[in-house]
Every structure is written in C-alpha cells, then in structure tokens.
Amino acid sequence: MDIRELAVPDSYVLDLVPHGDSRGRFTEWYRADVLSEATGFGLTLAQANHSVSARGVLRGVHFALVPPGQAKYVYCPAGRVLDVVVDVRVGSPTFGVHDTVLLDSAAPRAVYLSEGLGHAFVSLEDASSVTYLVSTGYSPGREFGVDPMDSDLDLPLPTDLEFEFSAKDRAAPSLAEARDQGLLPTMEQCTARYAELRALHR
C-alpha cells in the first residue's frame, strides 16, 4: 500500500492493493508498520467501530479533546462515502483547512487522522459501510462536533444529496463558535501528545 499526507497535516490517505481472482478479492486494509513509519507512532487500538448509512447521511464533523484525543483509521468495505478531514486545532497554521478522500469499496483506500483533527463523512450510496479503528474508547464527555454546514468551513459536499443528520450533529456549533467556547483542541496540546506517543513508540 502507498501512503501520503493530506492537505491537513497529520492526516494521511492510504491507497490499498486489492488482489482478486475467480474466487473474489482480498485486501490488506490495515498495516501497522506502514502507518508507524509515516507517523512515527502509529495507532494504539482501543476500539473498532462499524456504521451502515443510507445515501445522504452525513456524520460529523467530530473531534475529541486532547489529551488523549482520538486518532482514527477509516475504511469503507461496502458502498461509497466522501471522507472529510478538518483541522480544528487552534493555533495550527492550517486551522480550518479541510481535505476530502473518496472511499470506494471498488477501489479501496483508507484514511488516517491523528488526535485533535475533525472528521466527517457523507454516504453516497445506500447501505454504505464504514469501519474505523480508534485509539481511545468512546467518552461522551470529551467528544464534540462542529457544524458540517458551517459556511466558513465551506466543505465540498455533494450538491445532489438531501442530507440527514443526527440531532447532535444538527445542533453542533460553527467552528468559530466552538473556538470561542473553548471546545477545540489546541495545536500546542496536539504537538505535545504526538511527542508523547512517539516517545512511547520508541
């Protein structure tokens, strides 16, 4: 598999290599060594999540407080989703910058985002499945969201879909409101966390 950094620093897309024959297809969708080489610390697996979404379902933009934060490794084994990474780290040179990756089960890819980054995806087909590995377990008191329709974010969402949100995502503040409320992680916190993880990995 090939890995490259996205426009949001500390997030990566991985182009996977499917192997197929008359029996079907086999794909290595996660390799700890590849991820560790790119990030310097890889992913400590604490929980694995799986969602199935109808066409038009939009989940996110979600993030967790740092420390410890929550890194994610995202893969779409069935269907198609547009995956979105947003830099919500206050003080980051790329604060507010986003990047998108089409995750398509027919041409498999994965996305990794480090602690402190925002994540969202929109389902482009009915019954799209997303499986994601995360570095920390669910902690509702430390997990927040930003409105994906925030005009300042200007996410390149499809225009031919009628979006469906959870009540929590619908009520999420804008990026500016989240910053003013002190909800967002800072770049200083994230940099310290990455250094801590690299030291533990050595």
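The hairpin of β1 and β2 has five residues between its strands, and within the hairpin D10 takes a positive phi near 75°. In this predicted model, the two strands of the hairpin, β1 (2-5) and β2 (11-15), run antiparallel and are joined by four bridges. Across the hairpin, I3 of the model stands opposite L14 in β2. D10 itself sits in the loop between β1 and β2, and its positive phi occurs although the residue is not a glycine. Most residues other than glycine have a negative phi, and most peptide bonds are trans. With a relative accessible area of 15%, D10 counts as buried, because the cut-off for that class is under 20%.

The loop that holds D10 also holds A7. At 45% relative accessibility, A7 is partly exposed. Leaving aside residues up to four places away in sequence, A7 is in contact with T94, V97, H98 and D99. A7 and T100 lie 93 residues apart along the chain, yet a separation of 9.0 Å is found between their C-alpha atoms. H98 and D99, two of the residues that A7 touches, fall within the range of strand β9 (98-104).

What does β2 pair with besides β1? Strand β10 (residues 109-113) pairs with β2 in the antiparallel sense, over five bridges. Within this pairing, Y12 has Y112 of β10 as its bridge partner. As for its surroundings, β2 is largely enclosed by the rest of the structure, because four of its five residues are buried.

A separate look at the strands further along the chain brings out an open sheet. Five strands form this sheet, in the order β9-β8-β11-β6-β13, and the pairing is antiparallel. Its edges are β9 (98-104) and β13 (143-145), each of which pairs on one side only. Direction ignored, neighbouring strands of the sheet are turned by 25° against each other on average. Strands of a sheet pair through backbone hydrogen bonds, either parallel or antiparallel. Inside the order of this sheet, β6 (residues 58-64) and β11 (residues 118-123) run antiparallel and are joined by four bridges. R59 has its bridge partner, F121, in β11.

The strands β6 and β11 reappear in the nonpolar interior. The largest nonpolar core has 21 residues, of which L58, V86, V122, V146, L155, F163 and L184 touch the most other members. Two or more residues of this core come from each of β6, β8 (80-86), β11 and α3 (175-180). The surroundings of V122 can be listed in some detail: apart from residues up to four places away in sequence, V122 touches G56, V57, L58, R80, V81, L82, L157, P158, L161 and F163. Two of these contacts, L58 and F163, are also named among the core members with the most core contacts. A second, separate core has 17 residues, including Y73, L133, Y194 and L197.

Strand β6 also takes part in the largest pocket. About 540 Å³ of space lies in this pocket. The lining has 25 residues, and the closest to the pocket centre are H62, K72, Y132, Y138 and E143. The elements that give two or more residues to the lining are β5 (47-53), β6, β11, β12 (128-134), β13 and α2 (167-170). Which element gives the most to this lining? That element is β6, with five residues. In short, β6 contributes to the sheet, to the largest core and to the pocket lining.

The backbone shows some further local features. A cis peptide bond joins G60 and V61, with omega of about 15°, and V61 belongs to strand β6. Another cis peptide bond joins V66 and P67, where omega is about -5°. P67 has its place in the loop between β6 and β7 (72-78). A127, in the loop between β11 and β12, has a positive phi of about 60° although it is not a glycine.

Conventions: Residues are numbered from 1 along each chain as its sequence is written. This is a predicted model: local features need pLDDT of at least 70, side-chain atom pairs count only at pLDDT 80 or more; totals for chains, interfaces and linings use all residues. Side-chain values use heavy atoms; hydrogens and water are left out. Buried means under 20% relative accessible area, exposed over 50%, partly exposed in between (1.4 Å probe, protein chains only). Contact means heavy atoms within 4.5 Å. Two strands pair if DSSP finds at least two bridges between them. Axes are lines fitted to C-alpha atoms, for helices over the stretch in contact, and angles run from 0 to 180 degrees between N-to-C directions. A nonpolar core is a set of buried Ala, Val, Leu, Ile, Met, Phe, Trp, Tyr and Cys residues joined through side-chain atoms within 4.5 Å. On a 1 Å grid over the protein atoms alone, a cavity is a set of points where a 1.4 Å probe fits but cannot get out, and a pocket is an open set with protein on both sides within 12 Å along at least five of seven lines; lining residues have an atom within 4 Å of a point. Grid points are joined across faces, edges and corners, and a volume is the space filled by probe spheres set on the points.
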